[in-house]
Amino acid sequence: MHEIQLDEVSRLQWILRDITEQKKLDTLRNDLTSMIYHDLRSPLANIVSSLDIMDSMLPSDDPALKSLLEIAMRSTIRIQRMTESLLELSMMEAGQPIGTQKTSSVLALVYEAVEAMEPLVHNKSQIVGYKLPDRLPNVSVDQDMIRRVITNLLENASKYSPQGSQIEIGAQQEGDRILVWVKDNGPGIPATEQERIFDKFTRLKTDSAPKGLGLGLAYCHLAVQAHDGKIWVESEVGAGSKFIFSLPVAAT
């Protein structure tokens with residue numbers, strides 16, 4: 001609604017839009033998300049178990065077979081992580097409370113996330129640089145969710161950064177908040193896109209952008225928000241991007 005002038009008389013103009021098709025599309029996406037998760041969860045667990053058994057059965061003196069098995073295991077675990085994110089994304093969008101929160105060390109979650117992403121970073125000959133203090137106050141979080149947030153940010157940083165470049169991860173205390181950030185050496189994000197990239201199914205429209213569904217940053221946004229935190233990006237085109245999120249310090 002806005003005011004317009006007709007024959008020197010102020011009038012109110014109303015614009016109505018039919019969003020029926022948009023709502024149908026949103027429902028279809030939500031149904032698809034639920035179907036993907038529930039249909040993939042059980043067979044993925046079976047694959048992981050089978051790969052673990054195969055790992056114990058393979059001869060230790062065959063590096064080629066071991067290498068192939070490691071690739072299969074890493075890929076399967078990544079799919080598992082994505083399906084878990086899909087479920088949690090749907091739950092958070094529906095307003096359901098997050099899981100069990102524990103008093104946790106941010107530094108421990110950072111190191112665990114980097115360890116999970118090490119094969120991806122290694123394959124691109126990238127280096128992870130740390131800007132971490134020796135100690136930080138604890139936070140009260142669902143450890144799996146926040147670890148997944150850090151993992152998603154690291155994965156994005158690796159994807160968008162060139163071969164052989166450095167990715168920076170850091171953390172610090174600011175008042176009653178802990179800040180965690182991941183900085184890449186990618187192409188940067190235009191100012192007009194910096195809010196939109198946290199929307200579900202949104203990706204940057206560039207020829208060199210990696211393909212995907214655009215769920216990673218949407219998950220990060222909702223997960224951090226569910227912990228009474230904030231997430232944002234600082235970026236310039238051609239100068240990389242720095243994704244930062246904050247979490248409240250746990251009550252002592």
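This is a short tour of a sheet, the helices packed on it and a few aromatic side chains. Keep in mind that you're looking at a predicted model.

**Stop 1: the sheet**

Start by colouring strands S4, S6, S7, S9 and S8. In that order they make up an open sheet of 5 strands, with mixed pairing. Look at the edges next: S4 and S8 (230-235) each have a single partner strand, so one side of each has no neighbour in the sheet. Turn the view to look along the sheet and you'll see the twist, which averages 15 degrees from one strand to the next.

**Stop 2: S7 and its partners**

Now select S7 (177-183). How many of its residues are buried? The count is 5 of 7, so this strand is mostly covered. On one pairing, S6 (166-174) runs antiparallel to S7, and 7 bridges join the two. Show Gln172 and you'll find it opposite Leu179 of S7. The hairpin of S6 and S7 has 2 residues between the strands, and Gly175 there has a positive phi near 65 degrees.

The other pairing to show is S7 with S9 (residues 241-248). These strands are antiparallel too, with 7 bridges. Pick Trp181 and look across to S9: its bridge partner is Ile244. While Trp181 is on screen, add Lys242, which lies over the face of the Trp181 ring at 4.7 Å from the ring centre.

**Stop 3: two helices on the sheet**

Bring in helix H3 (residues 106-123). H3 lies across S4, S6 and S7, and it runs at about 170 degrees to S4. Then add helix H4 (residues 143-160), which packs on the sheet and touches S6, S7 and S9. The direction of H4 makes about 175 degrees with that of S9.

With both helices shown, check how they meet. Their axes come within 9 Å and cross at roughly 40 degrees, and the crossing is right-handed. To see the contact itself, put side chains on. From H3, residues including Leu109, Val110, Val114, Met117 and Val121 take part. From H4, the residues they meet include Ile146, Arg147, Ile150, Leu154 and Ser158.

**Stop 4: the aromatic pairs**

The structure has 2 aromatic pairs. For one of them, select Tyr111 and Tyr130. Their ring centres are 5.6 Å apart and their planes stand at 45 degrees; an angle between 30 and 60 degrees is why this pair counts as tilted. Tyr111 sits in H3 and Tyr130 in strand S4 (residues 127-131), so the pair links parts of the chain 19 residues apart. Are these tyrosines buried or exposed? Each falls in between: Tyr111 is partly exposed at a relative accessible area of 45%, and Tyr130 is partly exposed at 40%.

Finish with Phe198 and Phe243. This pair is edge-to-face, with 6.1 Å from centre to centre and 75 degrees between the planes. Where do the two residues lie? Phe198 is in the loop between S7 and helix H5 (216-226), and Phe243 is in S9, so the pair ties together parts 45 residues apart in sequence. Switch on a surface for this one: both Phe198 and Phe243 are buried.

Definitions and conventions:
Residues are numbered from 1 along each chain as its sequence is written. This is a predicted model: local features need pLDDT of at least 70, side-chain atom pairs count only at pLDDT 80 or more; totals for chains, interfaces and linings use all residues. Side-chain values use heavy atoms; hydrogens and water are left out. Rings of Phe, Tyr and Trp (its six-membered ring) pair if their centres lie within 6.5 Å; planes under 30 degrees apart count as stacked, over 60 as edge-to-face and the rest as tilted. Helices (H or I, at least four residues) and strands (E, at least two) are DSSP runs, numbered from the N terminus. Buried means under 20% relative accessible area, exposed over 50%, partly exposed in between (1.4 Å probe, protein chains only). A charge sits over a ring if NZ of Lys or CZ of Arg is within 6 Å of the ring centre and within 35 degrees of the ring normal. Two strands pair if DSSP finds at least two bridges between them. Axes are lines fitted to C-alpha atoms, for helices over the stretch in contact, and angles run from 0 to 180 degrees between N-to-C directions. Contact means heavy atoms within 4.5 Å. A crossing is left-handed if the near helix is turned anticlockwise from the far one by less than a right angle, and right-handed if clockwise.
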